[in-house]
Amino acid sequence: MRARLLDAGAWALLALLLAGPMAGLRLQTEGTGLTLVTQWRPLAVIVVLVFVFRLLQQTALPALTRLALPKPRLSGAGLARHPAVLGLLFAVAVIWPFFASRGAIDLATLALIYVMLGLGLNIVVGLAGLLDLGYVAFYAIGAYGFALLAQHAGIGFWLALPICGILAAISGILLGFPVLRLRGDYLAIVTLGFGEIVYLLLNNLDGLTGGPNGIGGIPKPTLFGLEFARRSADGPTFHEFFGLEFSSSHRVIFLYLLALVLVVITLAVIHRLRTMPVGRAWEALREDEIACRALGLNPTSIKLSAFALGATFAGFAGCFFAARQGFISPESFTFIESAIILVIVILGGMGSQAGIVLAAVFMTLLPELAREFDQYRMLLFGLGMVLMMIWRPQGLLPSRRPRLELRQ
Amino acid sequence: MTALLQVDGLSMRFGGLVAVDGVSFEVRLGEILGLIGPNGAGKTTVFNCISGFYRPTAGQVRLDGERLDREPGHRIARRGLVRTFQNIRLFENMTVLENLLVAQHDHLDTRLWSGLLATRRYRQRMRTALDNAVSWLETVDLAELADREAGTLSYGQRRRLEIARCMVQQPRLLLLDEPAAGLNPRETAELDALIVALRDKHGVSVLLIEHDMHLVMGVSDRIVVLDQGRVIAAGRPEQIRRDPAVIKAYLGEA
Amino acid sequence: MPDSLLQAIQQVVNGLTLGSIYALIAIGYTMVYGIIGMINFAHGEIYMIGAYLGLIAVTALVLLGIDSVWLLLPLALAFSVIVTSGYGWAMERIAYRPLRGRHRLVPLISAIGVSIFLQNYVQLTQGARDVALAQLIRGGWRLGEAGGFQVYISYVQAIIAVVAILFMTLLTLFVSRTSLGRACRATAQDRVMARLLGIDTDRVIALTFVLGAALAAAAGILVMLHYGLVNAHMGFVVGIKAFTAAVLGGIGSIPGAMLGGVLLGLAESFASAYLSTQYKDVVAFSLLVLVLLFRPTGILGRPEVEKV
């Protein structure tokens, strides 16, 4: 025990020395010059946390891992075999918004967008094993695609949705084609670079994208032409058609249900893809690229298909996001977004669709639940990424692949 | 006898190291050719060059007259030249059956819409591929293990799966890289019979790297001996057995 | 001399200054990659921390009454280099060492986490706004005729060049002449063999991170001197650019990092002068993409052959 205390003490001392100047002395502008303000509290917090954490790491953690925790038996592939359970979940998902507050539904819709993004990136990272750090670029192409189509060609949501998907897919192919033969970490950096280039272009091409001010006035989706507004210029509005009192919650619920439908379609399509040759090829590629080549599979075209399909779903999500917000700006498409989506995929367990749904919901709810920690959000996010890699890189839930079995 | 595979002046250089130096030989249609030589002779490098995993520095490789030496590995595999690896490369997390399905990727309908809508052509091709897979599993005696994860198989079973995975591609030429490594005598005898059966009943020619002299001398029609990147002898097993250059290469100066 | 030639020379001067900075940071990337095959995504943040610590040191020294620039700079430099090296050591020890041997993307993701963590750590402790410092060293040399365009080499630019060359020379001497440096090279070539020969590879790897951090800290202080501005997020973009420089020169090669840094600095200077300042970042990222596409081994790198 004494050794452990000394060890923790040594680490606390190191923290004091390293964090001392940075956390303990704060630069402050005074007139034209600079001065230093001492702030012992953050420094003390850091030192104490380091001490406690190190002590815990040495004592409690080994004990925890020895505890045989029951492994959760949840798995998407397993769920797919129980249509009754799926049906029930879907029914609940459809009905609850009619009893929930507007804020909650809004949050749920946001979570659904992240689910879609997570599922899309999952194809690239989880199934095919390609680390894409610039995924947000395809999301942006979907969003700005719709915004520009609406602005210049008056195209509404329903027509724009497939167009945005195709636009994103084409970008995926254009980016992927030269880039996919690169090795894993180089691929990561190049995709990061691409994401940054897209962000810079969005910010600087004022004439096209509105620059940092973004694009506004994006039309909301309609239900067969019925707008969800108090009054409409062309045709009846939703509440007029159904003879209801206008309520802003109509639109909120509609958007939520729309997102839900998109997510369900995404889940179904991706599930199906995994049992098709293309999906199996992705997994084979992730396992052993050399073996794939020896079997006549062209690694580049397989990676390209993963890239393009992943991008397509990001395009759909982007289009919906733009429609929901009514206004978009480059700030929604920074590298941090790519990092968040990546964390969702990793947290959910690469490849597991159910895990990703849960992870996306978790990542969306967490900032809301922990409001007081808002300023520490990003700090904890970064820390969380490191800890996740150290403790459980395979994700929270064990993933069972949907496998083909010979029915004898 | 017509030549199926022609290797002409093949050379492979890694920086300053010449691993393969002007190697020429041919594999005739319907024959089993053994490639032997002491460790480091360059045998696997020759395999890698022929199968498109290395790009040879010089020389030509022809399969049935078509040049292979500038092609990437996956295209060579599609032309009918398949290979195994020294450290068996299976898809561990997939089942035995799925491994064989991935190998038939080209014979399946891989178009997105066909699969999503389960068209007739898609289902037919899948059916054919499954039947083919099952038939090969029976040939290599792995049929009961079809749904087991490949990673859970024993070493001998993995070897057989790897060969089955090659054969479902309906190849013309099969390159086996030390298939008997790690097998016990009974398994080696079964392998011997399997290779002969592949040649006789399934019409595939075989190029085989092996250290197990008993196996390679017994099963090969002809043998090529490599030492330090060069061919030092070629001929029938009985001739090779008595060739003084070969004996010197393996045992050093007498 | 015609004005246009003088303008070009000015860009060369600016480019070399910028390039020295990139080179110092790029060396850190390339050394770490050479020794454990990992892209230290958080290296840019080390540079940022170096800049902040340098500024804190200067401010503290000024408050203590030390006025002379010749005393301030070396002291601040030494302080920042030492403490930043500590950050570099801690980073390796906490976030990377436990992950050694795992799939290569795992440490990369951890590095991204460290990068985000450090950016926000500084943002929380020092504030999110830019911190500006009045110019410590003013003035410079002017070349060319008065009345036309004059090439201006500021004293700060000269200091940057001198300090950068000094650090790079010290590093090169260390790596090539000392036994510890030899141990670094051996570990970079073949880690297992080095360990079998009795080299403490853990220590060597830690040392690599420390050295890289020291150079990045120097770069941070020099930038702080030159631009008079620090910000918690300044490491992100500069980090990617320095990585581009490392790849351009040949990742794993220290002379390559130096060469790549200088080339990138020149390219960026010329692009920002003759094309547009807004798009100079795009130039760097595009260069990165192009290099990785057409010559991933870089200028001084050796092509790798995949072992089958």
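Start by selecting strand S3 (residues 32–36) of chain B together with S9(B): the two run parallel and pair over four bridges. For a closer look at the register, pick Leu33(B), whose bridge partner in S9(B) is Arg222(B). Bear in mind as you go that this is a predicted model.

**The sheet around S3 and S9**

Now widen the selection to the whole sheet. Six strands of chain B form an open sheet with mixed pairing, in the order S6-S7-S8-S3-S9-S10. Look along the two edges next: strand S6 (81–83) and S10 of chain B each have a single partner strand, so one side of each is left without a neighbour in the sheet. Turn the view to follow the twist, which averages 20° from one strand to the next.

**Helices on the sheet**

Add H7(B) to the view. This helix packs on the sheet and touches S3, strand S7 (173–177) and strand S8 (205–209) of chain B. Set H7(B) against S8(B), and the two directions make an angle of about 155°. Next comes helix H10 (residues 244–251) of chain B, another helix that packs on the sheet, where it touches S9 and S10 of chain B. Between the directions of H10(B) and S10(B) the angle is about 130°.

**The hairpin at the edge**

Stay with S10 and zoom in. Strand S9 (residues 222–227) and strand S10 (residues 230–235) of chain B pair in the antiparallel sense, over five bridges. One pair to label is Val225(B) with its bridge partner in S10(B), Ala233(B). Which residue of this hairpin takes a positive phi? Click on Gln228(B): the hairpin has two residues between the strands, and Gln228(B) has a positive phi near 50°.

**Two domains in chain B**

Zoom out and colour chain B by domain. Domain 1 covers 1–80 + 171–254, and domain 2 covers 93–170. Their centres, taken over C-alpha atoms, are 27 Å apart. Where the two domains meet, 11 residues of domain 1 of chain B are in contact with 10 residues of domain 2 of chain B. To find the domain 1 side, select helix H2 (73–78) and helix H7 (185–202) of chain B, each of which supplies at least two residues there. H7(B), the helix you have already seen on the sheet, gives the largest share of that side, with four residues. Colour this side of domain 1 by residue class and you will find seven nonpolar, two polar and two charged residues.

**Over to chain A**

Chain A can be coloured by domain as well, with domain 1 at 2–65 and domain 2 at 80–387. Here the centres over C-alpha atoms are separated by 39 Å.

**Where chain C meets chain A**

For the last stop, show chains A and C together. The contact takes 46 residues from chain A and 50 residues from chain C. On the chain C side, the elements giving two or more residues include helix H2 (43–63), helix H3 (69–96), strand S1 (131–132) and helix H11 (280–294) of chain C. Which element of chain C gives the most to this side? Select H4(C), which contributes 16 residues. By class, the side of chain C that touches chain A has 39 nonpolar residues, alongside nine polar and two charged ones.

**Confidence check**

Before closing the session, colour chain C by pLDDT: the mean is 87, and 96% of its residues reach 70 or more. For the complex, the predictor gives an ipTM of 0.90 and a pTM of 0.87.

Note on methods:
Residues numbered from 1 in each chain as written. Chains lettered and ligands numbered in written order. Predicted model: local features only at pLDDT ≥ 70, side-chain atom pairs only at ≥ 80, totals over all residues. pLDDT = per-residue confidence, 0-100. Pairing = 2+ DSSP bridges. Domains from an automatic or database assignment. Contact = placed C-beta atoms within 7 Å. Nonpolar A, V, L, I, M, F, W, Y, C, P; charged D, E, K, R; others polar. Axes fitted to C-alpha atoms, helices over the stretch in contact; angles between N-to-C directions.
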